[in-house]
Number of protein chains: 4
Amino acid sequence: MCRRSRDPGTVTAAQLTLVQIDNYGPWTVTPEPRREMDLQTLQSRLFADLAQYIGNRGGYVFFTRFDNMVAVTNGLDRRDHELLQESVGNRYPVTVSLGVGVDAVPIEALETATRRVQSAGSAQSSDRSEALAGDFRAETADDDVSVAHFDVNDATGKYTDRLNEFDSFINIEQGYASLMRYMREEHGALSFFVGGDNVIAACPDLARDDYRAAIDHVADDADVQLKVGVGTGASPHDAGYAAKHALEDCRYEGTLVEFA
Amino acid sequence: MCRRSRDPGTVTAAQLTLVQIDNYGPWTVTPEPRREMDLQTLQSRLFADLAQYIGNRGGYVFFTRFDNMVAVTNGLDRRDHELLQESVGNRYPVTVSLGVGVDAVPIEALETATRRVQSAGSAQSSDRSEALAGDFRAETADDDVSVAHFDVNDATGKYTDRLNEFDSFINIEQGYASLMRYMREEHGALSFFVGGDNVIAACPDLARDDYRAAIDHVADDADVQLKVGVGTGASPHDAGYAAKHALEDCRYEGTLVEFA
Amino acid sequence: MCRRSRDPGTVTAAQLTLVQIDNYGPWTVTPEPRREMDLQTLQSRLFADLAQYIGNRGGYVFFTRFDNMVAVTNGLDRRDHELLQESVGNRYPVTVSLGVGVDAVPIEALETATRRVQSAGSAQSSDRSEALAGDFRAETADDDVSVAHFDVNDATGKYTDRLNEFDSFINIEQGYASLMRYMREEHGALSFFVGGDNVIAACPDLARDDYRAAIDHVADDADVQLKVGVGTGASPHDAGYAAKHALEDCRYEGTLVEFA
Amino acid sequence: MCRRSRDPGTVTAAQLTLVQIDNYGPWTVTPEPRREMDLQTLQSRLFADLAQYIGNRGGYVFFTRFDNMVAVTNGLDRRDHELLQESVGNRYPVTVSLGVGVDAVPIEALETATRRVQSAGSAQSSDRSEALAGDFRAETADDDVSVAHFDVNDATGKYTDRLNEFDSFINIEQGYASLMRYMREEHGALSFFVGGDNVIAACPDLARDDYRAAIDHVADDADVQLKVGVGTGASPHDAGYAAKHALEDCRYEGTLVEFA
């Protein structure tokens, strides 16, 4: 399944971090349900802080469910994770637990990362606070991380400028739901909606045909036409930035899959 | 279809606002693609600011696609919208256009709101900046807004503490995707994922059986077991807060649908 | 002392709010001293949130000592204060107590506001949390609030572009220290440094000669040449915005004191 | 003047960064004066972001005049400064220029840093944008940075719980104004008010008697009783954290000067 588009010997080594707010569910309703817009503010600002902290160290973080966030953290070591945890604890009314795993296949790395947090206690346990467990990728190689940046062909013309915003959103969402399932099941890749009509996926080493098949699947399954740029790098930022440039190439060339 | 659970004469009057960042797509890649984590930070902080501004005036805003956000703004008048627009323009590198509509059925209100923004120019036009058009709900009545707060039964035990986070997310996501489509198609209701295992919907006036049918649909379609609390109020906060309390009732009573 | 520049019968009615973080000193060193940059972040973001909340209701807030902030809150009622307190409590690891007072002379209003917070318990008491006490200005009149906006003549040419930043800062700071004492002692006015070379003062109703004398005093005492625009309004924003325009007039006319 | 308290051969090597917002003054009044509370929000959030970015790399930043901020950045190299600049430019409506200098005496380092920014253009030039010039401390030694953390003896009992907040603030402020001048003139040290009753100073290598003399000076000059903890480290955080612990020692021992 994993025919590689470059050197057949290369292999990715993604470091995945699960960020889980400790005992968040109970906190949101104690002693009374808290104002929803305060919770939304808290969640999105916490995510923004993680995006800055992890992002300016070369990593990527995705909001996922907000109380659980998934990050690709190649380049961040244990000390970086400890400091993040300390800084959140100093500035928020909640704390976070962190689990870290490394694997050629992103879902395997996240599986390990999640298990480490789960071992420390339930997401709704008041006993668990600021757990941190994981192994970290010590070396770095130029092909450690593979990132695919998808977007929807002419989303503005087809949806945003034409439909009401909820129906635009439903279309984008169905395309995303289809892609996320396919990429996870076929390749163990993790695809995240990042706003607008954009989806970013942390991938193992995949071939051009794999991406083409994914795009075809979503077109058939959800009637949404995607295109994708793919990049590789030592860090998520390097890989993702190359992927963005490749996606720009798709735009100018009118192609559906481009590698950086 | 719309059998009402309370006084058969009551009718909701939701005021919906579309918040659309002006010319955002082109901005994100000019002159070069911008760092993804900076874009994520910008988007989530803008949303957080809207959540505070709209939220402490009794409204609700949802992140939707981040470059397009949908708000229920009963209680906010034209001046409130102008000031929001001015404040964003003073503090961000981007501006926002706003369209506002009022209707008994949320999707109709959003349809009107969206059309007003679209009339002012494309989402990717560099000519359109800070458009504002709409009509506003002048009076307020205690049953203007109906909010349903759904969550997943025992999501922590079934997913979060057991599966890896991406697979938990896929389950929640598929439940959400199923619910959002159903509620929109059957009732013109707008359902938004708000983190964790929670979905908040702006609804027209619906009966207990309508909610029961929605929950059954999602259980069949996506194998996700939801429950829901429903509240009504003069503002989204009032309605949503009542819905949260009703959802707590579900939790304690072991029921699937509760009205405040 | 208070010769009025306009109708001799007018009188201001400033509503002052003291915002005091509860038990903050002990919290910053428990269980160990917390990272200074986390404290700086927490303080400045809390201030920013207050600036948005109070500011978009027409009020002004000043950072003062950050653990104690002073706001002019004409137009904000008890409910607005309660909601602010609730929202801070939902999103920060600290809570705030609020005292409110109204008087023609700002220092008197703040004296009352402070006494109300002090009566509820010490700033370093772990027993006091989210105290709120005060009376609120129910009516509003167009001359309730008087704001003076001072800046330093050609600060960029004289200091910023010429001296090292610390020596520029010392000059501005000495000018501010001189002005704050003079305005408080002579007029019961409260002057706050707001960044750059700007000072904003909440004033009682003062005459042109009073402002001229203040400027002369600072020139003599600290060798810093100020100019000032003065505005009056129903809210701090209205008064302050008029004062900004008056200060622009000083700039274009080359004058030292302008009333809006 | 600089009798050292430790090894007479040691010498500090502070790396100072001037952060100056480009053309900020004109921007604040173009095309019309902008809402003051929006400017306050922008300034304090920019500072908070710098505090996080610089702080979690071991540096310290002080708000100073907000449009000009001073940072001690030992441990941050040119790439770190470039990335900071890029990230601010991506997320704010303003940009920043940065100048960096290194010297045993902080004021000399800042003098160099400031001159580099000034050489690139006026603070109010629309031509200058995102200038970056400086040299960086390549090695690190354990005594590169010396930080003194001052606070006021029993500020809560003497001021906060007794006087109105503005008079408390005046007292603290006068103590700070006296200390900042003295430390700059006598030692080339840079002292910054950081909120509450706290002042943090970037110092050259000073002896116990130097600190004692500074405290005596402020007691005489401004009638404010300070105490101080002093720490040394490879980074501002290390030095400052040691200083905090030393200040805690003063508190428990009842002493006025403690070295870590």
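Here is a short conversation about the chain contacts and one sheet in a predicted model.

User: What should I know before we start?

Analyst: Residues are numbered from 1 along each chain as its sequence is written, and chains are lettered from A in the order in which they are written. This is a predicted model, where local features need pLDDT of at least 70, side-chain atom pairs count only at pLDDT 80 or more, and totals for chains, interfaces and linings use all residues, while side-chain values use heavy atoms and leave out hydrogens and water.

User: Why is the link between A:R65 and B:E165 called a salt bridge?

Analyst: The term asks for a side-chain nitrogen of Lys or Arg within 4 Å of a carboxyl oxygen of Asp or Glu. Here the N to O distance is 2.9 Å, so the pair qualifies. Across the interface of chain B and chain A the rule finds 8 salt bridges.

User: What makes chains B and A partners in contact?

Analyst: Contact means heavy atoms within 4.5 Å, and 78 residues from chain B and 78 residues from chain A take part. Together the two chains bury about 6500 Å², 57% of it on carbon and sulfur atoms. Buried area is the accessible area (1.4 Å probe) that two parts lose on being put together, summed over both. For chain B, the three residues that supply the most are B:M37, B:R65 and B:F166, with 13% of the area this chain buries against chain A.

User: How many salt bridges does the rule find between chain A and chain D?

Analyst: The rule finds 0 across that interface. Still, 8 residues of chain A are in contact with 8 residues of chain D, and about 670 Å² is buried between them, 38% of it on carbon and sulfur atoms. Of the area chain A buries against chain D, A:Q52, A:N56 and A:R57 supply 56%, more than any other three residues.

User: How do you know that β6 and β8 of chain C pair?

Analyst: Strands (E, at least two residues) are DSSP runs, numbered from the N terminus. Two of them pair if DSSP finds at least two bridges between them. Strand β6 (residues 145–152) and strand β8 (residues 198–203) of chain C have 6 bridges, in the antiparallel sense, so they pair. C:D151 stands opposite C:N198 in β8(C).

User: What makes β7 and β10 of chain C edge strands?

Analyst: Each pairs on one side only. The open sheet of 5 strands has the order β7-β8-β6-β9-β10 in chain C, with mixed pairing.

Conventions. Helices (H or I, at least four residues) and strands (E, at least two) are DSSP runs, numbered from the N terminus.
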